[in-house]
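Open the model in your viewer and keep a selection panel at hand. The tour below moves from one selection to the next and says what is found at each stop.

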Amino acid sequence: LLLGMASLPLGANAEQVGDIQASASTVALSPSAPQAGDTVTIFLTMYNSGQSFASEVEYTFYKESQGPGNIIEQARVDIEGEATAEVSTQWVNVIEGEHEIHILVEYPRDSNNFMDFYVPFTVTGLPNLKVTTLEVAPASGIFAGDTVTVSSLVRNTGSEPAGASVLHLDLPDAPNQDLATPAIDAGSSAW
């Protein structure tokens with residue numbers, strides 16, 4: 001994903017702790033435009049600008065802010081001299097809204113020498129269609145073989161518009177029906 005950086009020093013905007021460099025620009029998200037409910041994979045590329053092997057570079061990924069209750073993953077990685085290492089973690093089932101991934105890197109281990117930075121990102125919402133009213137006409141006096149009209153009022157309770165779709169009805173003792181549903185804006189309803 002960040003393969004173009006495989007053996008190059010990071011740019012001038014990189015943070016550094018010891019010989020280890022990283023920054024918000026060396027973080028990538030997949031998918032890059034997440035939707036509510038997605039699992040977001042967070043990739044971090046770190047560069048060892050020194051000639052010596054860097055043992056046990058500790059990194060921590062946090063949801064929203066740094067704190068023990070917000071840790072997604074904390075681990076260590078070894079990085080060869082003048083080389084990069086890519087690590088990743090996952091934020092499962094993200095919710096709609098503005099979010100931040102905070103990253104803390106310590107090197108050497110247990111030195112209290114840290115660099116930290118964060119990456120903001122937006123999770124878009126989804127449409128959510130619900131049948132709020134179902135009407136059958138005629139409402140009574142129906143006999144076998146009669147023609148019946150079924151209508152549904154569908155509401156989009158989600159935060160994004162819904163494209164045109166089909167509502168499938170399983171009917172007892174009759175052929176199933178597919179009702180065309182038009183495009184519905186968020187917060188709107190349609191018959």
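Begin with the charged side chains of this predicted model, which holds three salt bridges. Select Glu56 and Arg109, whose closest N and O atoms lie 2.8 Å apart in a salt bridge. Glu56 belongs to strand β5 (residues 54–63) and Arg109 to the loop between β8 (97–106) and β9 (114–123), so this pair ties together parts that are 53 residues apart in sequence. Glu56 is partly exposed at 31% relative accessibility, and Arg109 is likewise partly exposed, at 34%.

Keep Arg109 selected and add Asp110, with which Arg109 forms another salt bridge, the closest N and O atoms being 3.8 Å apart. Asp110 is exposed, with a relative accessible area of 62%. Through shared partners, Glu56, Arg109 and Asp110 are joined into one network of salt bridges.

Next, select Arg76 and Glu58, whose side chains meet in a salt bridge at 3.1 Å, N to O. Arg76 sits in strand β6 (residues 71–79) and Glu58 in strand β5, and the pair links parts of the chain 18 residues apart. Is each partner buried or exposed? Arg76 counts as partly exposed at 41% relative accessibility, whereas Glu58, at 13%, counts as buried because the cut-off for that class is under 20%.

Now turn to the largest pocket, which encloses about 320 Å³ of space. Select Val148, Val150, Leu171, Pro172 and Ala174, the residues nearest its centre among the 14 that line the pocket. By class, this lining has 10 nonpolar, two polar and two charged residues.

Finally, colour the chain by pLDDT, which averages 91, with 93% of the residues scoring at least 70. Over residues 1–8 the pLDDT is below 50, and this stretch has 14 contacts in the model beyond near neighbours in sequence.

How values were computed:
Residues numbered from 1 in each chain as written. Predicted model: local features only at pLDDT ≥ 70, side-chain atom pairs only at ≥ 80, totals over all residues. Heavy atoms only, no water. pLDDT = per-residue confidence, 0-100. Contact = heavy atoms within 4.5 Å. 1 Å grid on protein atoms, 1.4 Å probe; cavity = no way out; pocket = protein on both sides within 12 Å on 5 of 7 lines; lining within 4 Å. Points joined across faces, edges and corners; volume = space filled by probe spheres on them. Nonpolar A, V, L, I, M, F, W, Y, C, P; charged D, E, K, R; others polar. Salt bridge = Lys/Arg side-chain N within 4 Å of Asp/Glu carboxyl O. Helix = DSSP H or I, 4+ residues; strand = E, 2+ residues; numbered from the N terminus. Buried < 20%, exposed > 50% of the residue type's maximum accessible area, 1.4 Å probe, protein only.
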